[in-house]
Amino acid sequence: MSTPEYEHWQNLTVRRPGDVRTLQGGPVPLSWQCEKRTAHNDRLTNSRLPADFPHQVERGDAGDALACLALEESIRRDIEAVRASRVREALELGATWRQIADALDITADNARAVLRQWADAQHHVLYRRDVEDGQPQPLGLDDQGYAAVLAVCELGDDETAPGPAGAR
């Protein structure tokens, strides 16, 4: 792959999670972030090799350690940002709360809390703000979609959703 965006990313020095942006300031694919983190981590791992290691290796430095920290935080944030959407998708595709809880290694009630928190933000922060601002196509969950997500949160641990949760 050799797009201008990818070349920019390859040459970008990362020291803070905010550095992880494309030329236009947009999000960087997780696979690119993982690739860059792996390169820095490999150099750090090489730094632990003995000085008389028989093969030539590139050894890491503080910049590699800082890049790993910043990239790991960026990756964590990106994954966290889509967590609730994945919970919603799993429900829509027939998973139960117990299955979702097992996948997240949390309780079913905590899994419900993840989805409720997301729904609150989608409805109160995104949708209602866009409506108040007069946006022609508000983002987020409208009243009906919000109610549908909250209804799915009331399902028992082993029940499946009857249809898409909060679909428009």
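Reader: What makes Trp 9, Gln 10, Leu 12, Val 14 and Leu 71 count as being in contact with Lys 36?

Author: In this predicted model, contact means heavy atoms within 4.5 Å, and, once neighbours within four places in sequence are left aside, Lys 36 is in contact with Trp 9, Gln 10, Leu 12, Val 14 and Leu 71. Lys 36 itself lies in helix H2, which covers residues 30–46.

Reader: Why is Lys 36 said to have no salt bridge?

Author: A salt bridge asks for a side-chain nitrogen of Lys or Arg within 4 Å of a carboxyl oxygen of Asp or Glu. The nearest side chain of opposite charge to Lys 36 is that of Glu 35, and it is 8.3 Å away, so Lys 36, although buried, is left without a salt bridge.

Reader: Why is Arg 112 called buried?

Author: The word buried is used under 20% relative accessible area, and Arg 112 has a relative accessible area of 6%, so the term applies. Arg 112 lies in helix H5, and, not counting residues up to four places away in sequence, Arg 112 touches Trp 97, Cys 153, Leu 155, Gly 156 and Asp 157.

Reader: What makes the side chains of Arg 83 and Glu 80 a salt bridge?

Author: The N to O distance between the two side chains is 4.0 Å, and the rule accepts a nitrogen within 4 Å of a carboxyl oxygen; by this rule the pair is given as a salt bridge. Arg 83 and Glu 80 are three residues apart in helix H3, residues 62–92, and are therefore separated by about one helical turn. With relative accessibility of 24%, Arg 83 counts as partly exposed, and Glu 80, at 45%, counts as partly exposed too.

Reader: How do you know that Arg 86 and Glu 89 meet in a salt bridge?

Author: Their side chains come to 2.9 Å, N to O, which satisfies the limit of 4 Å. Arg 86 and Glu 89 are likewise three residues apart in helix H3, so about one helical turn separates them. Partly exposed is the term in between 20% and 50%, and it fits Arg 86, at 46% relative accessibility, as well as Glu 89, at 35%.

Reader: What makes the pair of Glu 154 and Arg 116 a link between distant parts of the chain?

Author: The side chains of Glu 154 and Arg 116 meet in a salt bridge of 3.5 Å, N to O. This pair joins parts of the chain that are 38 residues apart, with Glu 154 in the segment after helix H6 (143–153) and Arg 116 in helix H5, residues 108–132. Glu 154 has a relative accessible area of 60% and is exposed, whereas Arg 116, at 29% relative accessibility, counts as partly exposed. Elsewhere, salt bridges that share partners join Glu 73, Arg 76 and Arg 77 into one network, and the count for the protein comes to 11 salt bridges.

Reader: What makes the phi of Asp 105 worth a remark?

Author: Most residues other than glycine have a negative phi. Asp 105, a residue other than glycine, has a positive phi near 60 degrees. Asp 105 is found in the loop between helix H4 (97–104) and H5, and with a relative accessible area of 70%, set against the cut-off of over 50%, Asp 105 is called exposed.

Reader: Why is Val 82 called partly exposed?

Author: Val 82, which has its place in helix H3, shows 35% relative accessibility, a value in between the limits of 20% and 50%, and so it counts as partly exposed. Val 82 and Trp 118 are 36 residues apart in sequence, and their C-alpha atoms are 9.5 Å apart in space.

Reader: How do you know that the radius of gyration of the protein departs from that of a compact globule?

Author: A compact globule of 168 residues would have a radius of gyration near 15 Å, but the protein has 21 Å. Along its principal axes the C-alpha trace spans about 65 × 40 × 25 Å. The protein has six helices and zero strands, and 33% of its 168 residues count as buried. Among contacts between residues at least 6 apart in sequence, 54% join residues at least 24 apart.

Conventions. Residues are numbered from 1 along each chain as its sequence is written. This is a predicted model: local features need pLDDT of at least 70, side-chain atom pairs count only at pLDDT 80 or more; totals for chains, interfaces and linings use all residues. Side-chain values use heavy atoms; hydrogens and water are left out. Helices (H or I, at least four residues) and strands (E, at least two) are DSSP runs, numbered from the N terminus. The radius of gyration is taken over C-alpha atoms; the globule rule is 2.2 Å times the number of residues to the power 0.38. Buried means under 20% relative accessible area, exposed over 50%, partly exposed in between (1.4 Å probe, protein chains only). Lys and Arg count as positive and Asp and Glu as negative; His and the chain ends are not counted.
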